[in-house]
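Trainee: I've just opened this one and I'm not sure how to read it. Could you walk me through it?

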There are 2 protein chains.
Amino acid sequence: MTVQVAVEPVTRNETGIAEALPRLAGRFGERFAQSEAVRRQHGHTLTWLTNQPPDAVIFAESTEDVVEIVRVCADLRVPVIPFGAGSSLEGQVNAPGGGISIDFSRMKQVVAVHAEDLDCVVQPGITHYELNEYLRDTGLFFPIDPGAEASLGGMAATRASGTNAVRYGTMRDNILNLTAVMPDGSVVKTGHRAKKSSAGYDLTRLLIGSEGTLGVITELTLKLHGIPEAISGGVCPFRTIEDACNAVILTIQSGIPVARIELLDALQVKACNAYSKLDLEETPTLFLEFHGSPASVEEQSVAFGEIAAEFGAGQFIWETTAEARHKLWKARHDVYWSAVGLRPGAKAIATDACVPISRLAECVTETAEDIEKSGLVGPIVGHVGDGNFHVTMLVDIGDPGEVERAAAFVGRLNMRAIAMDGTCTGEHGVGQGKMKYLAAEHGDGLAVMRAIKRAIDPDNIMNPGKIVVAV
Amino acid sequence: MTVQVAVEPVTRNETGIAEALPRLAGRFGERFAQSEAVRRQHGHTLTWLTNQPPDAVIFAESTEDVVEIVRVCADLRVPVIPFGAGSSLEGQVNAPGGGISIDFSRMKQVVAVHAEDLDCVVQPGITHYELNEYLRDTGLFFPIDPGAEASLGGMAATRASGTNAVRYGTMRDNILNLTAVMPDGSVVKTGHRAKKSSAGYDLTRLLIGSEGTLGVITELTLKLHGIPEAISGGVCPFRTIEDACNAVILTIQSGIPVARIELLDALQVKACNAYSKLDLEETPTLFLEFHGSPASVEEQSVAFGEIAAEFGAGQFIWETTAEARHKLWKARHDVYWSAVGLRPGAKAIATDACVPISRLAECVTETAEDIEKSGLVGPIVGHVGDGNFHVTMLVDIGDPGEVERAAAFVGRLNMRAIAMDGTCTGEHGVGQGKMKYLAAEHGDGLAVMRAIKRAIDPDNIMNPGKIVVAV
């Protein structure tokens with residue numbers, strides 16, 4: 001189920017690894033794992049990149065544990081790869097040079113909730129579902145919701161977002177500060193809990209999206225939001241994907257503060273109907289949600305309704321109960337699995353283009369035509385309010401011709417997004433899979449990124465072989 | 001009118017400067033200025049730090065001009081200091097090692113307005129007033145409004161904010177990408193126009209707040225917002241500053257999306273009455289503004305009114321006309337000048353503490369007591385919705401005892417804010433004046449900042465002697 005897709009080679013430091021393993025095994029006992037199964041599970045499973053397992057996995061329980069691990073690894077120049085929930089999509093947890101995977105599944109504590117400041121402090125292993133479950137009685141919630149049951153540490157590391165980002169922003173906007181163990185074992189807290197600061201370089205934002213290549217996140221202070229007084233939403237079918245996109249564009253341009261506006265193409269709706277037991281018309285469809293006071297929610301939905309009508313939308317189906325809404329958004333979050341169900345045995349590979357909103361219809365339409373022409377199966381789903389959409393390609397990994405066509409399609413899509421003044425990744429990150437597009441996307445900026453990587457991690461032990469090449 | 005406040009010494013490279021000046025003079029002709037008056041005006045004037053003029057000022061007209069200047073300076077290891085409007089407050093435009101000030105007053109162009117994507121591209125010399133004047137007919141506006149008529153380049157460089165930040169965020173949140181000339185003369189565009197991206201390190205946010213110490217900003221892509229359908233606002237008097245702060249805290253905690261909520265203490269109100277010809281009761285007062293649909297604005301003001309009543313507020317005075325509102329906010333933006341009017345001949349020195357909202361009342365109250373005890377004159381004004389407030393100390397610079405008391409007061413205030421999990425600077429930046437607090441605020445993070453500075457600017461030519469010491 002894996003295929004060789006070229007990634008940057010990272011040299012294994014056999015001597016250092018051989019010395020580090022017994023040292024760390026002695027220190028961490030039963031929390032040090034070296035079985036083939038555990039190691040492979042901590043290499044990457046959700047991509048078509050080769051699985052590259054670490055040499056060992058350590059289940060950390062504190063920042064101090066991480067400091068100890070990093071110090072040993074720094075001393076012996078052994079790679080350190082942070083592992084949250086393993087749901088990243090570009091090879092971020094692979095270990096191309098071997099080394100130690102630090103597993104955060106035992107660091108799920110909510111350290112503090114400062115309801116009076118609308119923030120909380122958490123350990124990196126907790127998932128966004130778990131956090132919101134914990135917060136339930138406070139009247140507050142954390143809005144960032146990638147499809148996967150991802151850990152907050154991983155979400156910070158990949159600058160993740162999800163369906164609510166159109167209204168609440170991404171991880172970039174919802175983290176007040178981070179605690180991170182740096183490559184020399186020092187512990188850095190990147191800021192305080194004031195809502196804003198001009199005190200020096202923005203280390204918080206530098207670590208967000210750095211995918212473990214600059215430091216290991218061991219604590220996060222997150223912004224929280226009040227659960228809206230009123231929530232309403234539903235689904236709105238369109239005749240064409242272009243009409244649906246144009247309705248989204250006008251909604252955003254009109255400044256309607258929609259909380260969620262998600263596109264599913266006809267094939268994805270079909271997949272959801274089958275997997276999530278929905279009963280929707282199999283046509284391009286928007287899933288929507290509005291947050292606010294009852295009056296504001298009503299205003300927003302009326303304004304959206306007028307726009308949808310302009311683009312020939314069918315009957316908007318309101319979901320009035322929390323249960324019905326939950327079912328809908330559960331289906332939305334399960335699109336990866338429902339897409340997989342469309343072609344059993346195939347590998348699902350998600351793309352992640354993001355373009356300025358004015359180019360959305362054009363980019364999605366051209367991409368849909370490209371899928372068709374390439375003879376690929378790939379439903380489209382997207383956080384279209386942000387100009388971000390995913391093709392979930394379903395690829396028969398045993399068919400080299402199909403793999404090649406799929407890879408070529410991904411390349412065209414990424415370059416199309418970049419050419420439209422957009423990005424090859426709106427929220428999944430670079431990892432190993434997208435390194436080859438960074439030169440096109442960033443030009444001379446890539447050299448600045450490399451200089452930063454070299455300065456902070458001169459021995460290249462922090463998640464090597466990801467985002468930028470250090471040398 | 002200046003006093004020696006210790007700043008980091010920066011060695012002058014006499015040989016390099018002597019060689020650079022004729023080379024640049026020859027190249028830039030009448031755009032190269034070396035008169036004493038122009039040089040002093042480009043050193044810092046709005047602080048109590050020593051004026052340290054550059055050796056020459058060049059009026060840039062394009063990114064290419066900046067590249068040429070930086071290349072010559074890089075070649076000869078001569079400092080480069082970007083100069084926008086000169087309104088920064090911590091010595092950011094001083095030239096402690098001499099060198100070349102790049103003046104952006106001839107780079108005020110709006111390069112593009114992408115109304116369909118709610119963004120625009122501008123040169124760094126344009127001020128926020130000029131930009132909004134330009135945008136007037138588009139129905140869009142740029143919300144960040146520091147008190148000064150600051151340039152957008154300077155606002156980005158200091159991570160500025162202002163009265164609207166409580167709703168619209170700071171410069172950090174309102175810039176899509178930057179173009180910057182790096183210390184080696186390379187031109188980096190930090191991103192594209194997609195609303196979000198996970199493609200590598202966040203160079204945009206790294207440059208925002210870097211105060212010219214990593215690169216020179218020559219173009220900015222800014223997020224724009226629709227001018228709200230309805231705006232309402234006015235002033236609300238309180239009996240005590242603590243009551244006013246507590247009303248703010250509860251307003252923020254309740255999630256009322258107030259667009260502006262500004263505190264003026266009794267002394268500041270008195271100053272505004274005199275300078276801006278207002279007729280307000282001289283008591284702690286909040287200036288407020290609500291943005292939204294007519295229904296939402298009404299909802300917000302009713303909700304705020306209930307909170308204000310809980311804290312014994314006096315009569316809320318609504319300003320129903322745009323003219324009256326304009327007069328009010330003009331007065332708010334002129335507080336620096338009105339404060340100066342309270343004590344003619346004194347120097348106004350602004351502090352900039354910012355704390356988590358729950359600590360606001362405590363921090364402001366303790367600070368007010370400290371002003372009193374210290375025998376200083378210092379009205380208080382603040383973007384209190386963000387937990388940020390300024391004391392505009394009016395200091396007789398000719399009185400060494402008073403200067404010493406004022407400096408000690410600033411030190412206590414900054415450490416108080418840091419101890420409350422806040423920051424010594426919410427929006428003014430570090431410059432020369434706040435370098436000494438960064439160790440207390442950032443701990444080991446300061447070493448990371450230094451590593452970044454060294455990596456990107458190894459010869460320390462970019463605005464040396466600011467934020468971090470490079471060596």
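Trainee: Let's take the open sheet of chain A. What is its strand order, and how are the strands paired?

Mentor: Keep in mind that this is a predicted model. The four strands of the open sheet in chain A come in the order S1-S2-S4-S3, and the pairing is mixed. At the edges sit S1 (32-33) and S3 (80-83) of chain A, each pairing on one side only.

Trainee: How many bridges join S3(A) to S4(A), and how do the two strands run?

Mentor: S3(A) and S4(A), residues 100-103, run parallel and are joined by four bridges. If you want a spot to click on, try Ile81(A), whose bridge partner in S4(A) is Ser101(A).

Trainee: Which strands does helix H1 of chain A lie across?

Mentor: H1(A), residues 14-28, lies across S1, S2 (56-59) and S4 of chain A, and runs at about 25° to S2(A). Then look at H3(A), residues 63-76: this helix lies across S2, S3 and S4 of chain A, at about 170° to S4(A).

Trainee: Now helices against helices. What should I look for?

Mentor: Two packed helices are described by the angle between their axes and the distance between those axes. Here, try H8 (residues 241-253) and H10 of chain B: their axes come within 9 Å and cross at roughly 140°. The crossing of H8(B) and H10(B) is right-handed.

Trainee: Which residues make the contact between H8(B) and H10(B)?

Mentor: H8(B) brings Ala247(B), Leu250(B) and Thr251(B), while H10(B) brings Phe304(B), Ile307(B) and Ala308(B). Sorted by class, that contact has five nonpolar residues, one polar and no charged ones.

Trainee: What about the domains: how is chain A divided?

Mentor: Chain A has domain 1 (110-226) and domain 2 (230-419). Their C-alpha centres lie 27 Å apart. Eight residues of domain 1 of chain A are in contact with 14 residues of domain 2 of chain A. On the domain 1 side, those residues are two nonpolar, five polar and one charged.

Trainee: And the two chains together: how many residues does each give to the contact?

Mentor: People often give the size of an interface as the accessible area lost when the parts come together. Here we can go by residues: chain B gives 75 and chain A gives 73. In chain B, the elements giving two or more residues to this side are S9 (187-189), H7 (203-207), H10 (294-310), H15 (438-442) and H16 (445-456). H16(B) gives the most, with nine residues. By class, the side of chain B that touches chain A has 28 nonpolar, 29 polar and 18 charged residues.

How values were computed:
Residues numbered from 1 in each chain as written. Chains lettered and ligands numbered in written order. Predicted model: local features only at pLDDT ≥ 70, side-chain atom pairs only at ≥ 80, totals over all residues. Contact = placed C-beta atoms within 7 Å. Nonpolar A, V, L, I, M, F, W, Y, C, P; charged D, E, K, R; others polar. Domains from an automatic or database assignment. Pairing = 2+ DSSP bridges. Axes fitted to C-alpha atoms, helices over the stretch in contact; angles between N-to-C directions. Left-handed = near helix turned anticlockwise from the far one by under 90°.
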